[in-house]
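Walk through this model with me, from the overall fold down to single side chains. Keep the viewer open as you read.

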Amino acid sequence: MKKQDLLIIAVLFALLMAWPFLYKRWIAPEETGPAKTLPTAGQAETTRFPVPALSPTTSVTAAQVIPAEPIPPVQPQEKKPAARTPEQRLTLANTGVSLEISTQGGGIVSATFADYRQTVEKDSGPLALDFAGRPALTYQNLPGFSADDDFRVVSNSPAAVVLESKTADGLRLTRTIELNSQYQAVVRDLFVNTAAADRLIPKHAVQAGAMQAPPHEYRMSGMNYLGIDALAASGGEGVIHWAGKLAKLFKTFKKEKEMSFLPKTIEQEEEMPVDWIAVKNKFFTQILVPEGGAAGYRLAAERIVIEGEDLNPALKPKNAEIQNVSAAAVISAKTLNGGETLCRTFKLYVGPKKYSILRTLGLHQEEVMEFGMWSPVCRFLLTVLNKTYNVIPNYGAAIILLTILIRIIFWPLTHKSTESMKKMQALQPLMTEIKAKHKDNPKKLQEETMALYRKHKVNPVSGCLPMLIQIPVFIALFVVLRSAVELRFASFLWVTDLSAPERLFADVLPIPLNILPIFMAVSQAWQQSLMPATDPNQQKMMLFFMPAVMLVMFYMMPSALVLYWSANQCIVIVQQLIQKKRTARAAAAKK
């Protein structure tokens, strides 16, 4: 084995192991520096929350979970005994999204996306997200201006909606909502204390709309698609992702309250100042950005309730499966003097999880994609896929071309690996002799074996190189498929949705038929049979064992991922057939 070969392998392996540290140290988005000192809309009045803060970076403890006082409950909000005025619904729309605004609470109750279908069926209508249960941009714990309070329409035009409400003691709120050219609404709230006396605006919150998983959308078992994110205002902790922690909070709450079953809902408040909060499902998100940040945030989640579990304790689940998430930005209390005004601005992104759009919004809002430490590779893959799609408008073809590109880039390494394995195969007779000669002396056997490798310039571990290189690409593509909206309902040949398994005859067969994983397993068996055999018994086992393992692993994975791996196998097969043919020609020429 050559020293330089060992060095390459060692460097690659070390890079793979050290990647999390390298990413955090030099590649991850820079922190934004020390905590802000300027007063903000949410921090104008210093108010410390009496509930101990939960550090999202540490394990959750029972003492940190809310439910108790003094946190004001998020739901249900206070009911007004007086009869309500008839609801009016107003619409703001551009070419991409249509927002429906209700006069009850002055918030957004639904968003409809013209460019995205409701289901995989091509004739299905546009996707609509329903926030009516918890409208976006409505206030919590702000009497007179919550979802249970009525606003009057001041003006309504295609460019802006202006609503107004006034409390009995003279506090007036005028809300102006505009929609920019993409998926972002800009909200300006003007509070005016029309009374002569001072007026306290208590601590309250403004919420993003509740998010659920759209019906008919495939969800891979064990994956958390519903999530809540927040960007710490100081930047010290970066973006905090709650998706993987919400189910644990249900167990923590159960333990804290000594309950015999999981609660149906949880609510929690964090006193950490934040720049923005987000709620999201697999492909769509809402990102609420209060100008100047917020004093903290509230998160809430609701689990799936099994029919009949209230009557039959045996049906109560042991683990919470989240079906609904919501969040709100906490605004500190503020006193308005008589005649004084207060203006606040919010930006609310309601749209797809599309990296090319999110990265233009600033404040690291693209982090809702959760690319994590694989971000550079994910960005590269997305860029190549989208640029290819612009030329050939089919993401299946784009994935195949991406696979070819990766194989070309790493062709020298894979070629070297194959050549090394062929040399290893040629040395098998000598290896057998050495094993027989030194079967009772392992140390001598190892020395003689390594000497044989050095003499014939063979690297026994070079066969791992192609697999080692594929790992980051494979993981990054999996991460991309988990959240990038580009592949949602993207079709290729008989596959109707590359972001999900094929699931053919799902209504007929007990196990849906997925053709691509079967093709992948067959191609892998073929590819294994073409590999130079250094150990015939081992190769015979690998011929059946590895394809079977891969078939089980990939059977319910997104079709795009299986397509990538299958295309990779096919390219390797072609490469090996060409090499085999060249070797045969060279051998014939020598004769």
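Helices and strands here are DSSP runs, numbered from the N terminus; a helix needs at least four residues and a strand at least two. With that numbering, Ser491 can be placed in the loop between helix 9 (465–483) and helix 10 (515–530). The model is predicted. We will come back to Ser491 after a look at the whole chain.

The chain holds 12 helices and 20 strands. It has 591 residues, and 49% of them count as buried. How do its contacts spread along the sequence? Take the contacts between residues at least 6 apart: 69% of these join residues at least 24 apart.

Start with the sheets. One open sheet has 4 strands in the order 1-2-3-4, with antiparallel pairing. Its edges are strand 1 (89–93) and strand 4 (126–130), and each of these pairs on one side only. Neighbouring strands in this sheet are turned by 20° against each other on average, direction ignored. Look at the step from strand 3 to strand 4. Strand 3 covers residues 108–117, and 5 bridges join it to strand 4 in the antiparallel sense. Phe113 stands opposite Leu127 of strand 4.

A second open sheet has 5 strands. Their order is 5-11-18-17-14, and the pairing is again antiparallel. Strand 5 (139–140) and strand 14 each have a single partner strand, so one side of each lacks a neighbour in the sheet. For strand 14, the partner is strand 17 (residues 296–303), and the two pair antiparallel over 6 bridges. In this pairing, Thr265 stands opposite Glu302 of strand 17.

Now turn to charge. Side chains of opposite charge can pair when their charged atoms come close. How many salt bridges does the structure hold? The count is 15.

Strand 14 leads straight to one of them. The side chains of Lys203 and Glu269 meet in a salt bridge, at 3.1 Å from N to O. Glu269 sits in strand 14 (residues 265–270), while Lys203 lies in the loop between strand 10 (199–201) and strand 11 (204–207). The two residues are 66 apart, and the pair links distant parts of the chain. Are Lys203 and Glu269 buried or exposed? Both are buried.

Asp229 and Lys280 form another salt bridge, with 2.7 Å from N to O. Asp229 belongs to strand 12 (residues 227–232) and Lys280 to strand 15 (residues 274–280), so the bridge ties together parts 51 residues apart in sequence. The cut-off for burial is under 20% relative accessible area. Asp229 has 0% relative accessibility, so it counts as buried. Lys280 has 2%, so it counts as buried as well. Elsewhere, salt bridges with shared partners join Glu87, Arg89 and Glu100 into one network.

A further bridge joins Asp189 and Arg175, whose side chains meet at 2.8 Å from N to O. Asp189 is in strand 9 (residues 184–193) and Arg175 in strand 8 (residues 171–179), 14 residues apart. Why does Asp189 count as buried? Because its relative accessibility is 0%. Arg175 is likewise buried because its relative accessibility is 0%.

Next comes helix 5. This helix runs over residues 395–409, 15 residues in total. From first C-alpha to last, helix 5 reaches 21 Å, close to the 21 Å expected at 1.5 Å a residue. Its buried residues are Tyr395, Gly396, Ala397, Ala398, Ile399, Leu402, Thr403, Ile406 and Arg407. An α-helix has 3.6 residues a turn, so residues three or four places apart point the same way. Try that spacing on Ile399, Leu402 and Ile406, which are among the buried residues. At the N-terminal end of helix 5, Asn394 acts as a cap. One of its side-chain oxygens lies 2.8 Å from the backbone nitrogen of Gly396.

This brings us back to Ser491. Ser491 has a relative accessible area of 30%, so it is partly exposed. Its C-alpha is separated from that of Gly396 by 7.2 Å, although the two residues are 95 apart along the chain. Leaving out residues up to four places away in sequence, Ser491 touches Lys122, Asn394, Thr496 and Leu498. Asn394 thus appears twice in this tour: as the cap of helix 5, and as a contact of Ser491.

Methods:
Residues are numbered from 1 along each chain as its sequence is written. This is a predicted model: local features need pLDDT of at least 70, side-chain atom pairs count only at pLDDT 80 or more; totals for chains, interfaces and linings use all residues. Side-chain values use heavy atoms; hydrogens and water are left out. The expected span of a helix is 1.5 Å times one less than its number of residues. Buried means under 20% relative accessible area, exposed over 50%, partly exposed in between (1.4 Å probe, protein chains only). A polar contact is a pair of N or O atoms within 3.5 Å; within protein, one must be able to donate a hydrogen and the other to accept it, and residues adjacent in sequence count only if both atoms are side-chain atoms. A salt bridge is a side-chain nitrogen of Lys or Arg within 4 Å of a carboxyl oxygen of Asp or Glu. Contact means heavy atoms within 4.5 Å. Two strands pair if DSSP finds at least two bridges between them. Axes are lines fitted to C-alpha atoms, for helices over the stretch in contact, and angles run from 0 to 180 degrees between N-to-C directions.
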